[in-house]
Amino acid sequence: NIPIMLTPLIGRGEEFSEVKALLDDPQIRLVSITGPGGIGKTHLAISLATSMTGAFRDGVCFIPCEPYPSADLLPEAINLALNLPYTAGADRLTQLLNFLRGKEICLIFDNLEHLLPHCLPLLVETLEKSPSVKILATSIERLALPGEYTYRLSGLAFPQGAEDARFDQHGALALFADQLSQAGYRLKTADLPAAIRICQRLDGMPLALLLAAGWVRVLSIAEIEQALDQGQE
């Protein structure tokens, strides 16, 4: 049930490898990717999930938490993601824990922040009663649970000047150029100074770069930079 991303993971090679190393460690069972909204936590988590489908005997399960307003609904969300048939009269949490006991599986909880701290007892109980289960969570803030390894995600790297504009080293510029290309515009050498300043002004924030690139359908790169300047005044 892993979502399919329509855009590639750009500029996160180092972060991908570091979080993957945490998840590969047999001594680590709980990893959280944290950072502000729009920083790319979900995209990174989906890419990790896709790469790990063969690493766990019973697979990887992606649980989108955003649609659920209450932590009380989380057992149902997990059951749905696992496609567990519901036994009439049975407690959903008990049924879930019985199913996970003995399973070698990675549960990925995406956008968990609005369910904190009420969801934490379920996560703890799952880890305690299912010794072969690992959990990866994405959240604006860390879970603050024992044994949690937190990976803080920041903006993509961006050049300091035009002479430093290497796409293979600066994920923000590479992502901006990729999104411009998807919008039908090929970044030109003359555009680089303005494009770099856009990446700097947006602090390499992936979502902001995606939105800014979409403006190229009606604005030039220089005009996009000017619009961002006016918005910050």
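Visitor: What makes strand E1 (residues 30–34) and E4 a pair of strands?

Guide: E1 and E4 run parallel and are joined by 5 bridges, and since two strands pair if DSSP finds at least two bridges between them, the requirement is met. One of the bridge partners in E4 is Leu-136, which belongs to Val-31, while Thr-34 stands opposite Ser-139. The names E1 and E4 follow a numbering from the N terminus, in which helices are DSSP runs of H or I with at least four residues and strands are runs of E with at least two. Please bear in mind that this is a predicted model, in which local features need pLDDT of at least 70 and side-chain atom pairs count only at pLDDT 80 or more, whereas totals for chains, interfaces and linings use all residues. Residues are numbered from 1 along each chain as its sequence is written, and side-chain values use heavy atoms, with hydrogens and water left out.

Visitor: Which other strands pair with E1 or E4?

Guide: E1 also pairs in the parallel sense with strand E5 (residues 148–152), over 5 bridges, and there Val-31 stands opposite Tyr-149. Strand E3 (residues 105–110) pairs with E4 in the parallel sense, again over 5 bridges, with Ile-135 in E4 as the bridge partner of Leu-107. From E3 the chain crosses through helix H5 (residues 120–129) to E4 in a right-handed β-α-β crossover; this name applies because, with the strands pointing away from the viewer, the path from the first strand over the helix to the second runs clockwise.

Visitor: Why is strand E4 called mostly covered?

Guide: A residue is buried if its relative accessible area is under 20%, exposed if it is over 50%, and partly exposed in between, using a 1.4 Å probe and protein chains only. In E4 (residues 133–139), 7 of the 7 residues are buried. In a regular strand the side chains alternate between the two faces of the sheet. Both faces of E4 are covered, with Val-133, Ile-135, Ala-137 and Ser-139 on one side and Lys-134, Leu-136 and Thr-138 on the other.

Visitor: Why is Ala-208 called partly exposed?

Guide: Ala-208, found in helix H8 (residues 206–214), has a relative accessible area of 23%, and it is therefore partly exposed rather than buried or exposed.

Visitor: What makes helix H3 (residues 74–82) mostly covered?

Guide: In H3, 7 of the 9 residues are buried, among them Leu-74, Ile-78 and Leu-82. What covers these buried residues includes strand E2 (60–64), helix H4 (92–100), E3 and H5, where contact means heavy atoms within 4.5 Å.

Visitor: Why is Asp-191 described as having no salt bridge?

Guide: Lys and Arg count as positive and Asp and Glu as negative, while His and the chain ends are not counted. A salt bridge needs a side-chain nitrogen of Lys or Arg within 4 Å of a carboxyl oxygen of Asp or Glu. The nearest side chain of opposite charge to buried Asp-191 is that of Lys-188, 4.8 Å away, so the distance does not meet the cut-off.

Visitor: What makes the link between Asp-191 and Tyr-185 a polar contact?

Guide: A polar contact is a pair of N or O atoms within 3.5 Å; within protein, one must be able to donate a hydrogen and the other to accept it, and residues adjacent in sequence count only if both atoms are side-chain atoms. The side chains of Asp-191 and Tyr-185 are joined at 2.6 Å, so the distance is within the cut-off.
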